Amino acid sequence: MSTIPPPVKKYITGSSHTIADNFREKTEMTLTHGELKCLRDSNMELLRIVCMVMILNLHTFFLPSSNAYSLWRLADFFREATSISAVPIFVIISGYFGINYSHKKLIALLFNVLYWTILGYAVCVILGVAEFSLINIVKRIYLMFLSYWFITSYIGLLLLAPLVNSWLEHTNKTSIYKWLIILYAFAFFCQFVNYPDFRAGGSIISFIWLYVLGQAIRNYDWSNKILHYFRWYGLAVIWLFVTILIALQAYLSWSFLNLDKAALNSFIFGFAYNSPLILIQAIVMILFFSRLNIKSKYVNYVGASTLSVYLLHMHPDIKDLYYTFGKNLYSESFLNHGIGLLILFTVCFVLSILFDKIRLRIWRVFNG
């Protein structure tokens, strides 16, 4: 996920030329390959970084054992609502740039997951959190795809991307929009009646839908069309308004339906990833960052390792520790709770980026 692949060569607009092509042509006239890599637009890399912080935040939200209504609880729902669109955004970004499948990319992703699975287990053994045995190593490798559900769905998307891209090349704009609307309506109904196959917006089917949505946003130039009516601050106001609505719908669903966290995360009017409001929030963030003009080698350097943050704190041996720390913060004061979250996010993020640079060096050695 760290390397931005070029868009699909022929586009569903009927034109083979895109904004990315124009940028590439203009820069290649005067820049070397190394300079081009350093100066590529960093707006979406910055969005990846923001989204990974959002995911760290998501995994520190917990519900009380009883429906304790309070402004503090509502504020906590708002905190969760600010971050709930992170997963859809990651997949939409993949569609925004397009995925060009190769065996090398698949092997690189699997190596990334394997590296963090073994490293996380080794650290836990050293700290006395886990026991060392060959059987435990095999179990961790088996469990890594159960623990990293996002990776499992993303690999499915990666494998199916050539078929999806081929379909997009031979399908017109109207048909794409019809497909998006019909499939979403069907998914919405299935989610509403609690049909399990759509997995609250985290299934392979949902990932394909988000991928096609990302292609539509890029190729149909939603950014310019929408920003013709809304400036950047207009998008910020829309984001805030939608986030408040997400918090309210989840809070009311929890209050009146007495849902636990798992049920709330899969409820279409709760925190399900395919909730209409959450998808709107994701689209607004994509459009906002697409208009930024940022070129920073530092942002790109960090952005290249953002997936490591997810792989570290959701490691089979580490995630329970992460959850426990986040849950224990609820017994602290409001100020201490906030400070504790900042420390937790910072430590996880910094350690992940640092250790992932070692992984990248190892990969370069094996990859020649």
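The following questions and answers concern the core, one helix pair and one loop residue of a predicted model. Local features need pLDDT of at least 70 and side-chain atom pairs count only at pLDDT 80 or more, while totals for chains, interfaces and linings use all residues. Residues are numbered from 1 along each chain as its sequence is written, and side-chain values use heavy atoms, with hydrogens and water left out.

Student: Which helix gives the most residues to the largest nonpolar core?
Tutor: A nonpolar core is a set of buried (under 20% relative accessible area, 1.4 Å probe, protein chains only) Ala, Val, Leu, Ile, Met, Phe, Trp, Tyr and Cys residues joined through side-chain atoms within 4.5 Å. The largest one holds 99 residues, of which Phe77 and Ile151 touch the most other members. With helices taken as DSSP runs (H or I, at least four residues) numbered from the N terminus, the one that gives the most, 10 residues, is helix 14 (residues 276–290).

Student: Is helix 5 roughly parallel or oblique to helix 14?
Tutor: Helix 5 (residues 86–97) and helix 14 have axes, which are lines fitted to C-alpha atoms over the stretch in contact, lying 10 Å apart at an angle of about 50 degrees. Angles under 35 degrees count as roughly parallel, over 145 as roughly antiparallel and 65 to 115 as roughly perpendicular, with the rest oblique. Helix 5 is therefore oblique to helix 14.

Student: Is asparagine 258 buried or exposed?
Tutor: Asparagine 258 is found in the loop between helix 12 (232–257) and helix 13 (261–266). Its relative accessible area is 57%, and over 50% counts as exposed. Asparagine 258 is therefore exposed.

Technical notes. Helices (H or I, at least four residues) and strands (E, at least two) are DSSP runs, numbered from the N terminus. Axes are lines fitted to C-alpha atoms, for helices over the stretch in contact, and angles run from 0 to 180 degrees between N-to-C directions.
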